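User: Please take a close look at one part of this model, the surroundings of a single serine, and then set it beside another residue and a helix pair.

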Amino acid sequence: MKAFVVEQYGKDATLTEKDVTLNQTGNYDVRINVEGTSLNPLDTKMFFGHVAAAPSTGILQGDVTGTIVEIGESVTSFSVGDHVIAFGGGLGNRSGALAEEMLVPENMAVHRPDNLDIAAAGCLPVISLTAMEALKERATVQPGMRLYVAGGTGGVGHLVGQLAKHYGCDVTASAANDEKAAWLDKHGIHPHRYREESAEQLLTRLGHDGFDVIIDTVGGDHLQESFILAKERGKIISIATRTTQDLTMMHSKALTLEAVFVALPLLKGKEQEMIRQREHLAEVAKLVADGVIDLVIEEHVPRQVDALNAAYQTFDRQSHFGKVSITK
């Protein structure tokens with residue numbers, strides 16, 4: 001089959017189109033004809049050698065949607081011909097979706113709702129699992145909870161804010177410009193123009209002592225600012241902790257800091273966690289299909305080697321409004 005392969009990860013990495021042979025379908029695997037996928041920060045970090053979890057096969061991207069063409073002997077949840085969504089590879093010893101076919105564990109796949117288009121379905125897995133772990137498992141969100149999202153219109157961020165609002169939270173999120181602030185406001189999320197208003201000024205304007213939970217999707221200075229925004233004994237949940245920070249304020253306010261790494265269950269074979277992730281993905285897919293949650297796709301990249309290489313080279317150099325989709 002055709003695949004787009006990284007032969008050597010690092011600063012000079014490139015994708016090359018070549019013929020490869022996929023492993024045989026395992027007893028608990030489903031083989032998917034890939035119709036859609038998307039680009040995530042985890043993919044580019046592995047591509048450039050910054051995260052030591054890259055697939056040994058050189059085939060990246062864990063997000064996938066497509067049609068099942070073969071099932072393992074022990075698979076009971078799916079049949080050949082089913083349309084599915086999954087996060088099931090692109091790291092460790094599992095090939096990803098930058099190929100014609102992809103093998104995915106049964107426990108990581110869900111049926112694709114009939115009214116969910118391929119581009120949207122291919123963008124959902126990683127951001128859904130990340131958002132739901134942060135909100136449901138780490139923050140244990142409750143109605144009335146005050147929540148702040150750093151990176152409120154990014155891939156994960158724009159989903160987190162809407163889901164938190166759906167679960168009854170009072171949500172504020174950062175916005176870099178008027179367009180993003182207007183989008184947040186339209187979705188019932190209070191925009192914070194962080195380039196024009198400091199964390200201290202925001203709290204003064206809102207008239208409270210801080211947020212119960214901060215979801216940090218950016219890291220760096222935003223993570224440091226989270227220590228200011230959180231109330232005493234508040235919780236900060238970050239998906240971008242590969243930075244060096246001064247923890248003085250975290251200590252003085254008795255804050256809790258937790259990191260989310262969505263790939264851990266798949267990398268380590270944690271079956272119960274994978275099943276919970278499958279439940280999270282099914283819930284978000286239905287909410288998006290039903291129009292409760294708005295999925296933003298800012299760019300559609302064709303499955304062509306030059307376009308893919310360009311997308312990988314530029315992805316980390318700019319902020320994003322929603323997702324980057326890759327379809328046939």
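Analyst: The account below begins with Ser174 and then turns to Thr256 and to helices H5 and H6. The model is predicted, so local features need pLDDT of at least 70 and side-chain atom pairs count only at pLDDT 80 or more, while totals for chains, interfaces and linings use all residues. Residues are numbered from 1 along each chain as its sequence is written, and side-chain values use heavy atoms, with hydrogens and water left out.

Ser174 lies in strand E9 (residues 170–174); strands are DSSP runs of at least two residues and helices (H or I) of at least four, numbered from the N terminus. Ser174 is buried, with a relative accessible area of 3%, where buried means under 20%, exposed over 50% and partly exposed in between, for a 1.4 Å probe and protein chains only. The side chain of Ser174 reaches the backbone nitrogen of Gly151 at 2.7 Å. Leaving aside residues up to four places away in sequence, Ser174 touches Tyr148, Val149, Ala150, Gly151, Gly152, Thr153, Leu184, His192 and Tyr194, contact meaning heavy atoms within 4.5 Å.

Thr256, in strand E13 (residues 256–259), is partly exposed at 33% relative accessible area. With residues up to four places away in sequence again not counted, Thr256 touches Gly234, Lys235, Ile236 and Met250. The C-alpha atoms of Thr256 and Ile237 are separated by 8.3 Å, and these residues are 19 apart along the chain.

In the helix pair, Ala199, Glu200, Leu202 and Leu203 of H5 meet Glu225, Ile228 and Leu229 of H6.

Note on methods:
A polar contact is a pair of N or O atoms within 3.5 Å; within protein, one must be able to donate a hydrogen and the other to accept it, and residues adjacent in sequence count only if both atoms are side-chain atoms.
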